[in-house]
Amino acid sequence: MQNKKQRAPARACRSDAGQWVMVAPASVTKPPRKAGSGPLFTRLRNPSTGQAALYLFSSDAHQLFEVKAFREEYRSWFIGQAVQQDGRLFFVTPVDPLFLVLFYLAKAEKEQGKFQPLDQILVDAEFSSCTMLLHCMDISKYIHHLAEEKETGGRKFYKYSEEKTLMWLTKKVKQTVKVLKEHNVTVGGKVQSATFVSSKKLVGAIEDDYIRYAHGLISEYITEELSTALAKCLRLPEVAVPPKEPPAKKRKTSDAPVEAEEDYTKFNTIDLKSKKANKMSAAQKALAKVDKSGMKAISSFFGSKIKATK
């Protein structure tokens, strides 16, 4: 009898083994032009919170991507004959590097408030990789959307401009609204009926919903202070927040006897019968006043007759 081939058991692969499962654009995996300049994972400041976040520079650092993780409990991956314990699924999507530069421009404005070269603005002791933003293709071409620019001795200096930034962000919102409409993305918190709402009001409400939704998406890449200023620039009406209902009072449980808050004995059956018996109609009251002397009860006519004795 031939021995059946036994399948080799899958070996566990620890999460620190350098293997991840991710969905990424093809441009990320393009071979680098220079040796040693391939794709690079690094931590940079999130432009909205200022906290550490994971990013990916493409080959030659010409393009920046943000890395988002989808996580579920009790999930692993089978990779070949190995089991990847880290069951997260990573999504790599392109992000405009100007959002990250904007964070440092606003920071330099608050601290120094003067024109500076860009390589002096993009300085961070905790996240030294921020200097790689200088190699991104869109930085030198579009930085004038965020800052005032001066040139002295063949060198350019920049200073943050809130006015220019808000104009640039407004364009971003309008572009986002256009894309949302092209892809028929449904936005808004409630459905409105055209039967009871005029067409002009309905169109206006839908447009406001799109703008508000796009503003929320852009706000994920800017500070809260700038997001508030952008909302005012877009003239977004404030969302009415319904008043919170007071929480229901919870009874405290204890070993002490429970004291009744009301007299529940009034609902006893005997009491109810007595109360019903006390109530008389107008006809009954009138009958009660009649002189009943010499009258027999009607039940006496239906009783058994007593036989006379002989």
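**Exercise 1. In the protein, where is confidence lowest, and where is it highest?**

Solution. Begin by recalling that this is a predicted model, and then turn to the confidence of its elements. The lowest confidence in the protein falls in strand β1 (residues 11-13), with a mean of 48, whereas the highest belongs to helix α4 (residues 162-182), at 96. Next, look at residues 4-13, where the pLDDT is below 50, although the model gives this stretch 14 contacts beyond near neighbours in sequence. Residues 251-261 also stay under 50 in pLDDT, and for them the model has 1 contact beyond four places in sequence. Finally, set these stretches against the protein as a whole, which averages a pLDDT of 78, with 66% of the residues scoring at least 70.

**Exercise 2. Describe how strands β3 and β4 pair, and examine their hairpin.**

Solution. First locate the two strands: β3 covers residues 40-45 and β4 covers residues 52-57. Their pairing is antiparallel and extends over 6 bridges. Within this pairing, L44 is found opposite A53 in β4. Then follow the chain through the hairpin, where 6 residues lie between the strands and G50 adopts a positive phi near 80°.

**Exercise 3. Is V23 buried or exposed, or does it fall in between?**

Solution. Start with its position, since V23 lies in strand β2 (residues 21-23). The relative accessibility of V23 is 44%, and therefore V23 counts as partly exposed, because that class lies between under 20% for buried and over 50% for exposed. As a last step, consider its surroundings: V23, F70 and F91 make a nonpolar surface patch of about 260 Å².

Note on methods:
Residues are numbered from 1 along each chain as its sequence is written. This is a predicted model: local features need pLDDT of at least 70, side-chain atom pairs count only at pLDDT 80 or more; totals for chains, interfaces and linings use all residues. Side-chain values use heavy atoms; hydrogens and water are left out. Two strands pair if DSSP finds at least two bridges between them. Helices (H or I, at least four residues) and strands (E, at least two) are DSSP runs, numbered from the N terminus. pLDDT is the predictor's confidence in each residue, from 0 to 100. Contact means heavy atoms within 4.5 Å. Patches are made of residues with over 30% relative accessible area and no salt bridge: like charges are joined within 9 Å, nonpolar side chains (Val, Leu, Ile, Met, Phe, Trp, Tyr) within 5 Å. Accessible areas come from the Shrake-Rupley method with a 1.4 Å probe; for residues, only the protein chains shown count as cover. A salt bridge is a side-chain nitrogen of Lys or Arg within 4 Å of a carboxyl oxygen of Asp or Glu. Buried means under 20% relative accessible area, exposed over 50%, partly exposed in between (1.4 Å probe, protein chains only).
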